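Me: Hi! Could you walk me through this model?

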Amino acid sequence: MENLSQEQITEKAIIYSALMLHDDEIKVTSEKIQNVLKSANISFESYMVDMYVRFFENNEIGNLISSGGSVGTVSAEPNTADKEEEEEPEPEPEPESESESDDDMFGGGLFD
């Protein structure tokens with residue numbers, strides 16, 4: 001821990017506090033996280049706690065744990081762009097066959 005900056009220590013403490021609250025099935029709020037941090041004598045800025053609480057409100061902690069923390073873009077609405085691509089695949093252009101003219105030039109194809 002001695003290699004971590006104070007900001008990194010605070011971030012880890014906020015995350016661990018949220019995990020503790022989640023594990024005890026207690027709603028994660030700024031006030032509750034601040035109480036845990038004060039009890040652990042961790043200095044913090046209230047804006048950092050609020051920022052993480054907003055993140056946890058928009059992302060279920062259980063889902064973050066099961067996904068290994070990779071959130072990506074989270075949206076409440078389904079992605080319609082992906083559905084359009086799935087519904088209407090573009091036809092692939094057929095390649096022009098130059099091999100026939102090459103075969104004639106060299107006296108036949110490889111398997112002729």
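Reply: Happy to; here are the ground rules, then the fold, a helix pair and a surface patch. This is a predicted model, so local features need pLDDT of at least 70 and side-chain atom pairs count only at pLDDT 80 or more, while totals for chains, interfaces and linings use all residues. Residues are numbered from 1 along each chain as its sequence is written, and side-chain values use heavy atoms, with hydrogens and water left out.

Me: Thanks! How many helices and strands are there in the protein?

Reply: The protein has six helices and zero strands, taken as DSSP runs (helices H or I, at least four residues; strands E, at least two) numbered from the N terminus.

Me: And what percentage of the residues is buried?

Reply: Of the 112 residues, 18% are buried (under 20% relative accessible area, with exposed over 50% and partly exposed in between; 1.4 Å probe, protein chains only).

Me: New topic: at what angle do α1 and α3 pack?

Reply: About 40°, with the axes of α1 and helix α3 (residues 46-58) 10 Å apart. Axes are lines fitted to C-alpha atoms over the stretch in contact, and angles run from 0 to 180 degrees between N-to-C directions. That makes α1 oblique to α3, since angles under 35 degrees count as roughly parallel, over 145 as roughly antiparallel, 65 to 115 as roughly perpendicular and the rest as oblique.

Me: Now the surface: which residues form the nonpolar patch?

Reply: I15, Y16, L19 and I65. Together they have about 360 Å² of accessible area, from the Shrake-Rupley method with a 1.4 Å probe. Patch residues have over 30% relative accessible area and no salt bridge (a side-chain nitrogen of Lys or Arg within 4 Å of a carboxyl oxygen of Asp or Glu); nonpolar side chains (Val, Leu, Ile, Met, Phe, Trp, Tyr) are joined within 5 Å, like charges within 9 Å.

Me: Which helix gives the largest share?

Reply: Helix α1 (residues 6-23), with three residues. I65 sits in helix α4 (residues 61-66) and counts as exposed because its relative accessibility is 51%.
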